[in-house]
Amino acid sequence: MVDKIKQLQQLERIARLKAERQLKTFAAFNAHMTVARQRIDSLQAALAQSYDSTAPLTLPEARIANAQAGRAARELRHADQELQRMLPRFQIARQQAAREFGRAEALLNLGQDEAERRRKEKY
């Protein structure tokens, strides 16, 4: 009987180690996603700023503003595509981290339930 509790504790330790590894992987991926989202936000702001000019422009200034807006739009599209490519792997990493953490918690609860059941049997 004691062996079952020890086995559950050992399994929980292993599950916790796996969960920590998955959480670190997820945290790193989340940092990359945050940077990508911030880049998209800054590119959207730059694009919006290029269209918000109310001052009259000369023809050369208008050409430069148009070229800058085009470049900002291309960069924004590229950054958005990059984020969309990263999103499925991000979701998988999040699910794996949650699964590993849930597994460790379930093993902890099983061990606690078994210990409680044994205490009740003694009395």
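Here is a walk through the structure, from its overall form down to a handful of individual residues.

Keep in mind that this is a predicted model. The parts list is short: the protein has 2 helices and 0 strands. Its radius of gyration comes out at 27 Å, whereas the globule rule gives 14 Å for 123 residues, so the protein is more spread out than a compact globule. The box around the C-alpha atoms tells you how that spread is laid out: along the principal axes, it runs roughly 90 × 20 × 15 Å.

Now for how the chain meets itself. Take the contacts in the protein with a separation of 6 or more, and 94% of them turn out to be between residues 24 or more positions apart. Buried residues make up 23% of the 123 residues. As for the outside, the protein exposes about 9300 Å², and carbon and sulfur atoms supply 56% of that area. There are charges to think about too: 23 positive and 15 negative, with the mean positions of the two sets 5 Å apart.

Next, the interior. In soluble globular proteins, nonpolar side chains tend to be buried together. Here, the largest nonpolar core has 16 residues, and Phe29 and Met33 are the ones with the most contacts inside it. Helix H1, covering 2–51, and helix H2, covering 59–122, each put at least two residues into this core. The largest share, 9 residues, comes from H2.

Met33 is a good place to zoom in. If you set aside its neighbours within four places in sequence, Met33 is in contact with Leu83, Met86, Leu87 and Phe90. Follow that last name across. Phe90 sits in helix H2, and with a relative accessible area of 7%, under the 20% cut-off, it counts as buried. What does Phe90 touch, not counting residues up to four places away in sequence? The list is Phe26, Phe29, Asn30 and Met33. Phe29 and Met33 are familiar from the core, as the residues with the most contacts inside it. For a sense of the spacing here, the C-alpha atoms of Phe90 and Ala27 are separated by 10.0 Å, though the two residues are 63 residues apart along the chain.

Move along to another set of residues, and the cast changes. Gln22 is in helix H1, and at 16% relative accessibility it is buried. Beyond residues up to four places away in sequence, Gln22 touches Gln96, Ala97 and Glu100. Glu100 belongs to helix H2. Is Glu100 buried or exposed? At 13% relative accessibility, Glu100 counts as buried. With residues up to four places away left out, its contacts are Ala15, Lys18, Ala19 and Gln22.

Ala19, one of those contacts of Glu100, is a helix H1 residue. Its relative accessibility is 4%, so Ala19 is buried as well. Again leaving out residues up to four places away, Ala19 touches Glu100 and Phe101. You can also gauge the spacing from Ala19 to Gly102: the two are 83 residues apart along the chain, with 8.5 Å between their C-alpha atoms.

One last stop takes us further along helix H2, where Glu114 is found. Glu114 has a relative accessible area of 8%, so this glutamate is buried. Where does Glu114 stand in relation to Leu8? The two are 106 residues apart in sequence, yet 9.2 Å apart in space, C-alpha to C-alpha.

To pull the picture together: 2 helices and 0 strands are laid out in a box of roughly 90 × 20 × 15 Å, and H1 and H2 each supply at least two residues of the largest nonpolar core.

Technical notes:
Residues numbered from 1 in each chain as written. Predicted model: local features only at pLDDT ≥ 70, side-chain atom pairs only at ≥ 80, totals over all residues. Heavy atoms only, no water. Helix = DSSP H or I, 4+ residues; strand = E, 2+ residues; numbered from the N terminus. Rg over C-alpha atoms; globule rule 2.2 N^0.38 Å. Buried < 20%, exposed > 50% of the residue type's maximum accessible area, 1.4 Å probe, protein only. Contact = heavy atoms within 4.5 Å. Areas by Shrake-Rupley, 256 points an atom, 1.4 Å probe, with all protein chains shown as cover. Lys, Arg positive; Asp, Glu negative; His and termini not counted. Charge placed at Lys NZ, Arg CZ, Asp CG, Glu CD. Core = buried A, V, L, I, M, F, W, Y, C linked by side-chain atoms within 4.5 Å.
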